[in-house]
Amino acid sequence: MGLRKMVSRKTWRDFHKDIQLEVDNKVIDLPPVEGIIILNILSWGSGANPWGPEKEDQFAKPTHYDGMLEVVGVTGVVHMGQIQSGLRSAIRIAQGGHLRIKLHTEMPVQVDGEPWIQSSGEVVVLRSALKATMLRKSKMKRRNTEPVLGPGSCEKSTTDE
């Protein structure tokens with residue numbers, strides 16, 4: 001799909017004008033980026049951390065269990081390569097629990113590694129969809145399942161040939 005878009009010579013320099021992003025019912029002014037990445041964990045694309053190291057800004061430190069989504073932007077393929085190699089971080093855009101993305105034109109989208117061309121419309125991500133129940137095994141005394149051989153329990157057998 002990406003190849004088909006490359007051949008059509010459509011550029012994404014106006015990507016920030018082709019979508020409208022709302023986070024927790026607030027419209028977010030997007031910087032001039034060519035794509036956004038939505039994270040619910042810090043790892044992306046085989047282990048890269050696009051959010052980057054903790055720094056003093058308006059955003060809270062993200063964790064995998066806080067129920068929040070982090071939205072970051074990339075300026076192009078070179079920027080994505082720099083993020084993947086750890087040389088740079090993505091552009092921090094927003095944090096929140098409820099996202100609404102209005103697409104004004106069709107564009108390539110990828111979710112969990114599955115790409116497709118998404119027609120214009122709305123994409124909504126709800127906070128409630130992020131919660132999962134984690135199970136933990138309760139501590140029990142471990143049973144010994146190995147046979148115990150005491151004195152005299154081993155017998156030698158001899159055979160006459």
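Five salt bridges are found in this structure, which is a predicted model. Side chains of opposite charge can pair when their charged atoms come close. One such pair is E22 and R100, whose side chains meet at 3.9 Å, N to O. E22 sits in strand β1 and R100 in strand β6, so this bridge ties together parts that are 78 residues apart in sequence. The two partners differ in accessibility. E22 has a relative accessibility of 13%, so E22 counts as buried. R100 is at 23%, and therefore counts as partly exposed. The pair also belongs to a network of salt bridges, which links E22, R100, K102 and E122.

R92 and D57 form another salt bridge, with 2.8 Å from N to O. This pair, too, links distant parts of the chain. R92 is in strand β5, while D57 is in the loop between β3 (35-39) and β4. In sequence they are 35 residues apart. R92 counts as buried because its relative accessibility is 14%. D57, at 28%, counts as partly exposed.

K61 and E54 make a further salt bridge, again given as 3.9 Å, N to O. Here K61 is exposed, with a relative accessible area of 57%. E54 is exposed as well, at 62%.

Now step back to the whole chain. The protein chain has 161 residues, and 25% of them count as buried. Its secondary structure comes to three helices and nine strands. Along the sequence, the pattern reads α-α-β-β-β-β-α-β-β-β-β-β. Contacts often span long stretches of sequence. Among those between residues at least 6 apart, 60% join residues at least 24 apart.

Confidence varies along the model. The mean pLDDT of the protein chain is 80, and 75% of the residues reach 70 or more. Helix α1 (residues 2-7) has the lowest confidence, at a mean of 54. Strand β2 (residues 26-28) has the highest, at 96.

Next, look inside. The largest nonpolar core holds 15 residues. Which of them touch the most other members? They are F15, I19, L21, V71, I93 and M107. Strands β1 (19-23), β4, β5 (91-96) and β6 (99-103) each supply at least two residues of this core. There is also a second, separate core of nine residues. V72, V74, I83 and A90 are among its members.

V71 gives a view of the surroundings in the largest core. Its contacts, leaving aside neighbours within four places in sequence, are L21, I36, I37, I38, W51, I91, R92, I93, A94 and L99. R92 appears in this list, and R92 is also the salt-bridge partner of D57.

E70 makes an interesting stop. E70 is placed in strand β4 (residues 69-74). It is buried, yet has no salt bridge. How far away is the nearest side chain of opposite charge? That side chain is R92, at 9.3 Å. A salt bridge needs a nitrogen within 4 Å of a carboxyl oxygen. What E70 does have is a polar contact of 3.1 Å, side chain to side chain, with Q95. Not counting residues up to four places away in sequence, E70 touches I37, I38, L39, W51, P62, A94 and Q95. Several names recur in the contacts of V71, including I37, I38, W51 and A94.

W12 lies in the loop between α1 and α2. Its relative accessibility is 14%, so W12 counts as buried. The C-alpha atoms of W12 and E34 are separated by 5.1 Å, although these residues are 22 apart along the chain. Beyond its neighbours within four places in sequence, W12 is in contact with D18, V33, E34, E106, M107 and P108. One of these, M107, is among the core residues that touch the most other members.

The tour ends at K17, in helix α2 (residues 15-18). Is K17 buried or exposed? K17 counts as exposed because its relative accessibility is 58%. K17 and L103 are 86 residues apart in sequence, but their C-alpha atoms are 9.5 Å apart in space.

Methods: Residues are numbered from 1 along each chain as its sequence is written. Side-chain values use heavy atoms; hydrogens and water are left out. pLDDT is the predictor's confidence in each residue, from 0 to 100. Helices (H or I, at least four residues) and strands (E, at least two) are DSSP runs, numbered from the N terminus. Buried means under 20% relative accessible area, exposed over 50%, partly exposed in between (1.4 Å probe, protein chains only). Lys and Arg count as positive and Asp and Glu as negative; His and the chain ends are not counted. A polar contact is a pair of N or O atoms within 3.5 Å; within protein, one must be able to donate a hydrogen and the other to accept it, and residues adjacent in sequence count only if both atoms are side-chain atoms. Contact means heavy atoms within 4.5 Å. A nonpolar core is a set of buried Ala, Val, Leu, Ile, Met, Phe, Trp, Tyr and Cys residues joined through side-chain atoms within 4.5 Å.
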